[in-house]
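User: I would like to go through the aromatic rings in this model and the reasons for the labels they carry.

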Amino acid sequence: MNQDQINQLKQAFELSPDNQVLQLLYFNALTEASKWPEAEEIIKIIVQNNPNNHEYLIEYCKVLYHLNKVSQGILILENIIEKTDNASSTYKLIIQLYLKENDYNAALKYYRKLLVIYPQFSDSELDPVFEREKQSSQEDSSDRLIKLSAIPEQVSPVIPLEKPGISFKDVGGMASVK
């Protein structure tokens, strides 16, 4: 989208700031043009009008990522994930935010959670960062199957199973229980 189109959307938005369709069009145009500060202003308006819409909150976090407002984005995403949003894209974004904040351990924690939910998850940006973790996660699941199939059929029990030498009559039967 060129600058003239963005200016036209801006003028239309200024004339009708409550028009949600116009807000979204203007926001999308700004993000496509990487105009992050302006996009933040618009997405804030959109989120204020739709505070429970996870999609808009996630879009807001993407803008925060580009503006290096990492901790704010992390707080929002942790709240979204806590409310059972298990989309892989949400996890990917929070991992990216933690990596941008140089908190590898927190990023790894969410990466592990992501692999539990989506074992086949693959991403060209994240996979090189967590290469070892991804391999061990895949090896763990395949190793478990290999180990289970390798268990010999004749396994001797740890505790030998023998018939007890005491019978019910030896302990007085049910009469002593009554």
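Analyst: The model is predicted, and what follows deals with its ring pairs, their burial and the charges over ring faces.

User: How many aromatic pairs are there?

Analyst: The count comes to 5 aromatic pairs. One of them joins Tyr98 and Tyr110.

User: Why is the pair of Tyr98 and Tyr110 called stacked?

Analyst: The ring centres of Tyr98 and Tyr110 are 5.8 Å apart, with 20° between the planes. Rings pair if their centres lie within 6.5 Å, and planes under 30 degrees apart count as stacked, so both conditions are met. Tyr98 lies in helix H6 and Tyr110 in helix H7, so the pair ties together parts 12 residues apart in sequence.

User: What makes Tyr98 and Tyr110 buried?

Analyst: Buried means under 20% relative accessible area. Tyr98 has 8% and Tyr110 has 6%, so each is buried.

User: Why is the pair of Tyr104 and Phe130 stacked?

Analyst: The centres of these rings are 5.4 Å apart and the planes are at 25°, so the pair is stacked. Tyr104 lies in helix H7, and Phe130 in the loop between helix H8 and helix H9.

User: Why does Tyr104 count as partly exposed, and Phe130 as buried?

Analyst: Tyr104 has 39% relative accessibility, which falls between the cut-offs of 20% and 50%, so it is partly exposed. Phe130, at 1%, is buried.

User: How do you know that Lys113 lies over the face of Tyr110?

Analyst: Lys113 is at 5.0 Å from the ring centre of Tyr110, and the distance limit is within 6 Å. Lys100 lies over the face of Tyr65, at 3.9 Å from the ring centre.

Conventions:
Residues numbered from 1 in each chain as written. Predicted model: local features only at pLDDT ≥ 70, side-chain atom pairs only at ≥ 80, totals over all residues. Heavy atoms only, no water. Phe/Tyr/Trp six-rings, centres within 6.5 Å; stacked < 30°, edge-to-face > 60°. Helix = DSSP H or I, 4+ residues; strand = E, 2+ residues; numbered from the N terminus. Buried < 20%, exposed > 50% of the residue type's maximum accessible area, 1.4 Å probe, protein only. Lys NZ or Arg CZ within 6 Å of the ring centre and 35° of its normal.
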